[in-house]
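Work through the exercises below with the structure open beside you. Try each task before you read its solution.

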Amino acid sequence: MEGSPIPVLTVQTAPYEDQRPTGGGGLRRPTGLFEGQRNYLPNFVQSLLSSIDLRDRQGCTMVVGSDGRYFSRTATEIVVQMAAANGIGRLVIGQNGILSTPAVSCIIRKIKAAGGIILTASHSPGGPGGEFGVKFNVSNGGPAPDAVSDKIYQISKTLEEYAICPDLRVDLSRLGRQEFDLENKFKPFRVEIVDSVDIYLNLLRTIFDFNMIRSLLTGPNQLKIRIDAMNGVMGPYVRRVLCDELGAPANSAINCIPLEDFGGQLPDPNLTYATTLLEAMKGGEYGFGAAFDADGDRYMILGQNGFFVNPSDSLAIIAANLSCIPYFRQMGVRGFGRSMPTSTALDSKWISLLKDGLWAVLVWLSIIAARKQSVEQIVRDHWTKFGRHYYCRFDYEALEPRTAYFIMRDLEALIIGKSFSNQQFAVGNNVYRVEKTDSFEYVDPVDGTVTKRQGLRIIFSDASRLIFRLSASSSVRATLRIYAESYEKDPSKHDKESQAVLSPLIAIALKISQIHERTGRKGPTVIT
């Protein structure tokens with residue numbers, strides 16, 4: 001801290017109409033919009049900061065991180081300059097701006113911060129022609145609830161000015177504290193650059209039996225693993241935790257350098273895009289594989305020979321085996337959380353949001369070590385005990401938003417109508433009778449907050465389900481997702497292909513939505 005105080009400026013601006021946050025208080029748009037539209041990023045950041053009551057904002061601590069995608073460094077600098085001008089007293093930032101979404105949540109809770117800003121567009125492409133996003137996590141470490149998102153949006157529609165310290169410069173590469181004297185401030189503004197992994201790693205040590213996992217990865221019967229960070233934020237975490245801490249060979253981890261364009265690949269951990277990992281696992285050399293999305297809250301699990309673990313099965317298996325984790329043996333389990341479209345496989349056994357890719361990988365390794373079974377054996381045992389939930393998701397990506405909106409509008413009118421109730425659909429030898437339809441809304445059991453329009457549900461009399469949902473996307477692209485699920489108790493019928501089992505349901509979905517006719521598509525972009 002030296003020289004004259006840094007000026008705090010008020011800049012006149014005009015509101016944008018398209019800054020409504022989507023799920024979790026996040027705004028995701030084409031990178032060119034953030035880069036090229038005057039004040040587009042400052043407007044949203046000001047709206048976000050102004051959504052925090054002034055008495056809570058003044059002098060508070062916030063966390064800032066990014067997944068390292070293109071435009072992250074510029075955006076981080078703007079966030080720092082605006083946080084200082086808006087009265088934030090202290091920022092905690094990952095070194096070089098890098099922090100995974102789970103790490104941001106961890107740090108928020110650890111230091112009792114007022115919230116955190118995460119610069120990411122999740123699994124969307126990076127680079128100048130890709131997408132950029134800003135997410136807001138609140139003081140409990142979780143995504144901003146709808147009430148906060150709505151408040152941000154209302155502020156954004158009437159915004160006329162924002163506050164910024166354009167001369168404030170932070171060295172993101174230097175660990176430690178940096179202090180800045182600002183005009184009209186009684187206390188200096190502080191920025192603390194922290195190791196991106198340390199605090200999160202320390203939390204993991206309190207949850208898992210690292211010695212048990214280390215023995216699995218290094219012992220005489222060593223489990224060979226293959227972990228693909230997909231050139232997103234998870235690279236440093238994978239190397240520090242799985243390689244340095246738990247002893248997995250360095251070549252177990254691939255694509256571990258965060259790149260602005262994710263190496264030209266889409267950082268979406270599924271069978272369509274994580275092809276490098278899938279091909280390696282099909283060779284049979286590795287017994288466990290995993291991939292992560294750009295910011296680390298999504299993951300994919302593969303077993304030997306490319307055995308795919310459906311994410312819904314993965315969550316249910318984790319729930320059924322948490323006694324393998326020391327923390328849960330001691331503390332017990334209060335509940336599990338899933339999104340509405342996620343398979344009801346979890347419900348066969350038993351409220352918070354669980355979205356942490358590396359945490360899930362460590363749980364899986366703990367289960368393998370404790371049960372001394374392969375990934376495939378664990379999954380099949382689970383099916384035998386609880387039955388198999390055949391589950392599939394079809395993504396129609398990069399749709400024209402108006403087209404996607406009208407498809408959903410017309411579909412809602414159709415299924416909510418009285419004539420749709422008890423309707424029967426015959427597909428081949430299968431007959432499905434509609435038992436319930438709705439536009440799903442969620443009532444938070446803690447604070448009573450109602451989250452509406454979370455997707456259209458069709459539930460059939462045999463408990464099969466179809467769900468239609470518009471995914472959070474940019475203003476120029478939309479993703480319409482169709483989820484299909486069917487339950488099978490008979491173990492002799494657990495070896496079928498999911499798409500074969502679910503094809504009658506998919507046929508119904510395509511018939512009533514007319515998505516192919518209305519979009520000109522012949523099929524989905526991604527099937528998972």
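**Exercise 1.** Find the aromatic cluster that includes Phe 34, and classify the ring pair Phe 34 and Phe 132.

*Solution.*
- Start with the members. In this predicted model, Tyr 16, Phe 34, Tyr 40, Phe 71 and Phe 132 form one aromatic cluster.
- Next, count the pairs. The structure has 14 aromatic pairs.
- Now take the pair Phe 34 and Phe 132. The ring centres are 5.3 Å apart, and the planes meet at 70°. Pairing needs centres within 6.5 Å, and planes over 60 degrees apart count as edge-to-face. The pair is therefore edge-to-face.
- Locate both rings. Phe 34 lies in helix 1 and Phe 132 in strand 6, so the pair ties together parts 98 residues apart in sequence.
- Check accessibility. Phe 34 is buried at 3%, and Phe 132 is buried at 0%.

**Exercise 2.** Classify the ring pair Tyr 327 and Phe 328, then decide whether each residue is buried or partly exposed.

*Solution.*
- Use the geometry. The centres lie 5.1 Å apart and the planes are at 85°, so this pair is edge-to-face.
- Then use the cut-off. Buried means under 20% relative accessible area.
- Tyr 327 has 34% and is partly exposed. Phe 328 has 18% and is buried.

**Exercise 3.** Which part of Arg 388 sits over the ring of Trp 383, and how far is it from the ring centre?

*Solution.*
- Look at the charged end of Arg 388.
- That end is 4.0 Å from the centre of the Trp 383 ring.

**Exercise 4.** Compare where three salt bridges sit along the chain: Arg 29 with Asp 18, Glu 376 with Arg 380, and Arg 465 with Glu 485.

*Solution.*
- Recall the principle. Side chains of opposite charge can pair when their charged atoms come close.
- The structure holds 26 salt bridges.
- Arg 29 and Asp 18 meet at 3.8 Å, N to O. Arg 29 is in strand 2 and Asp 18 in the loop between strand 1 and strand 2, so the bridge ties together parts 11 residues apart. Arg 29 is buried at 7%; Asp 18 is partly exposed at 25%.
- Glu 376 and Arg 380 meet at 3.0 Å, N to O. Both lie in helix 14, 4 residues apart, which is about one helical turn. Glu 376 is partly exposed at 30%, and Arg 380 is partly exposed at 30%.
- Arg 465 and Glu 485 meet at 3.0 Å, N to O. This pair links strand 21 to strand 22, 20 residues apart. Arg 465 and Glu 485 are buried.

**Exercise 5.** Which residues are linked with Lys 135 in a network of salt bridges?

*Solution.*
- Asp 295, Asp 297 and Lys 355 are linked with Lys 135 in this network.

Methods:
Residues are numbered from 1 along each chain as its sequence is written. This is a predicted model: local features need pLDDT of at least 70, side-chain atom pairs count only at pLDDT 80 or more; totals for chains, interfaces and linings use all residues. Side-chain values use heavy atoms; hydrogens and water are left out. Rings of Phe, Tyr and Trp (its six-membered ring) pair if their centres lie within 6.5 Å; planes under 30 degrees apart count as stacked, over 60 as edge-to-face and the rest as tilted. Helices (H or I, at least four residues) and strands (E, at least two) are DSSP runs, numbered from the N terminus. Buried means under 20% relative accessible area, exposed over 50%, partly exposed in between (1.4 Å probe, protein chains only). A charge sits over a ring if NZ of Lys or CZ of Arg is within 6 Å of the ring centre and within 35 degrees of the ring normal. A salt bridge is a side-chain nitrogen of Lys or Arg within 4 Å of a carboxyl oxygen of Asp or Glu.
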